[in-house]
Amino acid sequence: MSISTTAENPVLRVPPAAPAIAAAHFRASLAFHADVSDVAAALAAGDPGFVLLDSRSTAAWDQGHIPGAVHLPTALIPEQAGQLLDRSVPVVTYCWGPGCNGATRAALALAELGFQVKEMLGGFEYWVREGFAYETWQGPEQRTADPLTAPAQDADCGC
């Protein structure tokens, strides 16, 4: 069976990068991003070595946020980050979810102020969808994991 690399194949119309270039790209991506499961595991282990920062509004924070997160809306980062955060401790930002770039804007603002920063992919949406506990203004909550985002029977997705 031959693989078509012509215009007939929309996936391979532009060929994959050379392995060394691909490795550099994906290594760099991991320097900028963390996923929900890895953040949850690091937080559960105790001292994760980073600060988790929720960059959403106060109304969003009250609706639900990750336990232990620091609340600092993106617009307030330039004036308040220096008082709330230690530049020697990496920061992981999150916002609503994949359809929101608030965590990216927060990460940019922090990086421009000299902080080491990563963005948590999936945001609060995937935190909840993967079945991790969260807090609201009314107290703690937790939903059953969505089987499309997390294994139904196993805590380890294998990735």
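**Exercise 1. Is Thr93 buried or exposed, judged by its relative accessibility?**

Solution. This is a predicted model, in which local features need pLDDT of at least 70 and side-chain atom pairs count only at pLDDT 80 or more, while totals for chains, interfaces and linings use all residues. Residues are numbered from 1 along each chain as its sequence is written, and side-chain values use heavy atoms, with hydrogens and water left out.

Step 1: buried stands for under 20% relative accessible area, exposed for over 50% and partly exposed for what lies in between, with a 1.4 Å probe and protein chains only. Step 2: Thr93 has 0% relative accessibility and therefore counts as buried. Step 3: Thr93 belongs to strand 4, where strands (E, at least two residues) and helices (H or I, at least four) are DSSP runs numbered from the N terminus. Step 4: leaving aside residues up to four places away in sequence, Thr93 touches Leu53, Ala103, Ala106, Ala107, Leu110, Val117, Lys118, Glu119 and Met120, a contact being heavy atoms within 4.5 Å. Step 5: the Thr93 side chain also reaches the backbone oxygen of Ala103 at 3.0 Å.

**Exercise 2. Classify the ring pair of Trp96 and Phe124, and place both residues in the chain.**

Solution. Step 1: rings of Phe, Tyr and Trp (its six-membered ring) pair if their centres lie within 6.5 Å, and planes under 30 degrees apart count as stacked, over 60 as edge-to-face and the rest as tilted. Step 2: the structure holds three aromatic pairs. In the pair of Trp96 and Phe124 the ring centres are 6.3 Å apart and the planes stand at 75°, so this pair is edge-to-face. Step 3: the pair links distant parts of the chain, since Trp96 lies in the loop between strand 4 (91-94) and helix 5 (102-112) and Phe124 lies in helix 6 (residues 123-129), 28 residues apart. Step 4: Trp96 is partly exposed at a relative accessible area of 34%, whereas Phe124 is buried at 7%. Step 5: ring pairs join Trp96, Phe124 and Tyr134 into a cluster.

**Exercise 3. Classify the ring pair of Trp127 and Phe132.**

Solution. Step 1: the ring centres of Trp127 and Phe132 are 4.9 Å apart and their planes are at 45°, so the pair is tilted. Step 2: Trp127 is buried, with a relative accessible area of 5%, whereas Phe132, at 24% relative accessibility, is partly exposed.

**Exercise 4. Decide whether Cys95 and Cys100 form a disulfide.**

Solution. Step 1: a disulfide is a pair of cysteine sulfur atoms within 2.5 Å. Step 2: a search of the whole structure finds zero disulfides. Cys95 is in none, and its nearest cysteine sulfur, that of Cys100, is 3.3 Å away. Step 3: Cys95 is buried at a relative accessible area of 3%, while Cys100 is partly exposed at 25%.

**Exercise 5. Compare the span of helix 1 with its expected value.**

Solution. Step 1: the expected span of a helix is 1.5 Å times one less than its number of residues. Step 2: the 14 residues of helix 1 (residues 19-32) should therefore span 20 Å, and the end C-alpha atoms are 20 Å apart, which agrees. Step 3: helix 1 is hardly covered, for the count of buried residues among its 14 residues is one.

Conventions:
A polar contact is a pair of N or O atoms within 3.5 Å; within protein, one must be able to donate a hydrogen and the other to accept it, and residues adjacent in sequence count only if both atoms are side-chain atoms.
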